[in-house]
Amino acid sequence: MEEMMTPRPRERGILAAVDTGEYDVEVSLEELRELASAAEIDVLGMVTQKKGELDPATALGSGRVEELTRFAENCGADLVIFDHELSPAQIRNLEDACGRPVIDRTMLILEIFGRRAVSSEGKLQVELARLRYQLPRLMGQGARLSRQGGGGGGGGGARRGGGESKLETDRRHIRRRITALERDLEQLTARREQRRKRRKKDGVTTVAIVGYTNVGKSTLLNALTRAGVLAEDKLFATLDPTARALTLPDGRRIMLIDTVGLVRRLPHHLVEAFKSTLEEAATADLILNVCDAASPGMEEQLAVTRDLLRELGAEGTPILTVLNKCDLAPADADLPGERTVRISARTGAGLDVLLAAIQRALPATHLRLRLLLPYAQGELEARIASGGRVFAREYGPGGVELDASVPRSLLPLVREYVLARDGEEKEKAGAPAGEETEQ
C-alpha cells in the first residue's frame with residue numbers, strides 16, 4: 001500500500017525594508033505580507049530602517065543587517081523578503097550575511113504569477129517577465145532565484161556553471177528564449193487585436209473591470225454574469241482575462257471583461273509582459289475602476305489604477321468608479337461620490353444601481369421606439385429582439401406592434417415602420433444623441 005504524501009510545510013520568512021520616505025513603508029509592508037501569504041510563506045516579523053537611500057552593498061546598514069541575521073536565526077526563518085528591487089550584489093551580500101536565501105518584491109510577485117497563470121498566454125507572459133528580470137542578474141544571482149526556474153527559461157542555470165563560458169552560454173540561451181517568447185506573444189497579441197476589431201465591427205460594446213488585486217473584480221463578474229470565475233480572498237487569485245456577455249436592463253448586450261489585478265509599484269517587467277492583456281481596458285467603451293471601500297488604502301488603490309490607465313493611453317475612455325465591499329465599510333466612511341457607485345458584489349447590494357449607471361455612461365447605441373412591423377418582416381423583428389430588447393408586443397390585423405429598444409444600426413430598416421407617438425413625427429427615429437428615447 002502506497003504511503004500518503006505529506007504536504008510540503010509552509011516556508012517561514014522575515015520582511016525587510018528601508019524607509020527612504022518615498023512611500024508609506026507600513027502600508028507597503030502590509031501588502032508584502034499578503035503577497036507572502038499568497039506564496040504560502042508565513043511571515044514571522046519585520047525589520048525596517050529609516051535611511052536616505054539604500055546601501056549599495058546590503059540595502060540596510062551594516063548594524064541593521066546584523067540585527068536581521070540574529071532575528072532570522074532566533075526565530076528559525078527560512079528566507080528574507082525585501083520590499084525593494086535588489087541588485088545581484090545586494091542579494092549575494094545579504095545571503096552571505098544572513099546564511100539563508102534572500103528575495104525581493106519583484107521575485108516574490110513573479111513566483112506568485114508563475115503559480116497562478118493558467119492559460120498558455122498567461123504562462124508565456126510570466127515566463128517572459130521572469131527572464132527579462134533574470135538576464136541582467138545572472139552574474140551573482142541569489143540562490144533563491146533557482147526556485148523560479150519552472151517556466152522553461154533556464155532559471156538557475158548560471159549558478160551551475162564553471163566560469164565565464166557557462167555564464168555566456170546561459171545568457172545566450174535566455175536571450176534566445178526571450179526572442180521566441182516575444183514572437184509567440186506578438187502572434188497572440190495580433191489575434192487579440194483581430195478579436196477587438198471584430199467586436200467593434202459587429203458593434204459589440206465592451207466594459208473592462210480594472211482595479212487593485214483582491215478588491216472583488218472576479219466576484220463582481222460572477223455576480224453580474226454567473227461566469228464561475230475563481231474568486232478567492234488572496235492576491236492575484238486570477239491572472240487570465242475573462243470575457244462574459246451581459247444583458248443590461250434596457251436590452252443592450254455588452255461584453256464584460258475582467259483583467260489582471262494591480263499592486264503598488266507593480267514591477268515594470270510585469271507591466272510590459274501583460275501589456276497586451278491590460279490593453280483590453282484601454283480599448284474598452286467603458287472602464288469600471290473597482291476598489292475596496294473597506295480598505296484604508298482605498299484612495300491609493302484608485303490612484304494606482306488611474307496611473308496605469310494613463311500609461312496605457314486610456315485617458316479618453318469613460319471611467320465609472322465602483323466602491324465594492326461597502327457592506328464592510330464603516331457607516332460613517334467618507335466615500336467619494338462623483339461618478340461613483342457603491343455596491344457589495346458578495347451580497348448583491350447596489351448591483352441594480354451599477355447596471356443603471358453603466359447604461360448611462362455608455363454611448364447611446366439604441367433608441368426606444370414603437371413600431372408596426374408587417375408580418376412579412378419576421379426576420380427584422382428577430383434582429384431587433386436579438387440586438388436590443390422588446391418591452392411589449394401586440395398582434396393586430398396590420399402586423400405586430402412593438403415597444404422596443406432598437407440598435408441604431410437597424411434604423412434605416414425600421415424607419416418606415418415607426419409609429420407616431422404623442423404627436424411626434426416618424427422623424428423621431430432619427431433623433432440626435434441625448435434625447436429621452438435614447439438607450
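**Exercise 1. In what order do the strands of the open three-stranded sheet with antiparallel pairing stand?**

Before we solve it, a word on the model: it is predicted, local features need pLDDT of at least 70, side-chain atom pairs count only at pLDDT 80 or more, and totals for chains, interfaces and linings use all residues. Residues are numbered from 1 along each chain as its sequence is written, and side-chain values use heavy atoms, leaving out hydrogens and water.

*Solution.*
- Step 1: The order is β11-β13-β12. Strands here are DSSP runs of E with at least two residues, helices are runs of H or I with at least four, and both are numbered from the N terminus. Two strands pair if DSSP finds at least two bridges between them.
- Step 2: Look at the edges. β11 (366-373) and β12 (389-396) each have a single partner strand, so one side of each is left without a neighbour in the sheet.
- Step 3: Neighbouring strands are turned by 15 degrees against each other on average, direction ignored. Axes are lines fitted to C-alpha atoms, for helices over the stretch in contact, and angles run from 0 to 180 degrees between N-to-C directions.
- Step 4: Follow one pairing. β11 and β13 (residues 399-407) run antiparallel and are joined by eight bridges, with R370 opposite D403 in β13.
- Step 5: Add the helix. α12 (residues 378-387) packs on this sheet and touches β11, β12 and β13, its direction making about 35 degrees with that of β13. Contact means heavy atoms within 4.5 Å.

**Exercise 2. Find the open sheet of four strands and describe its pairing and its helix**.

*Solution.*
- Step 1: The strand order is β2-β1-β3-β4, and the pairing is parallel.
- Step 2: β2 (41-50) and β4 (102-104) are the edge strands, each pairing on one side only.
- Step 3: From one strand to the next, the twist averages 25 degrees.
- Step 4: β1 (residues 11-19) and β3 (residues 79-82) run parallel and share four bridges; G13 has L79 of β3 as its bridge partner.
- Step 5: Helix α2 (residues 62-75) packs on the sheet and touches β1, β2 and β3; its direction makes about 160 degrees with that of β2.

**Exercise 3. Are the residues of strand β8 (residues 286-292) mostly covered or uncovered?**

*Solution.*
- Step 1: Mostly covered: seven of its seven residues are buried. Buried means under 20% relative accessible area, exposed over 50% and partly exposed in between, with a 1.4 Å probe and protein chains only.
- Step 2: L286, L288, V290 and D292 point one way, while I287, N289 and C291 point the other way.
- Step 3: Check the neighbours. β8 pairs with β5 (residues 205-211) in the parallel sense over five bridges, where A208 has I287 as its partner. β8 is also parallel to β9 (residues 319-324), through six bridges, and there L288 is partnered by L320.

**Exercise 4. Which residues touch the most other members of the largest nonpolar core?**

*Solution.*
- Step 1: They are I81, F82, L108, L220, L288, L354 and I358, in a core of 85 residues. A nonpolar core is a set of buried Ala, Val, Leu, Ile, Met, Phe, Trp, Tyr and Cys residues joined through side-chain atoms within 4.5 Å.
- Step 2: Take L220. Not counting residues up to four places away in sequence, L220 touches I209, V290, I343, A345, L351 and L354.
- Step 3: A second, separate core has 15 residues, among them L367, V400, V406 and V414.
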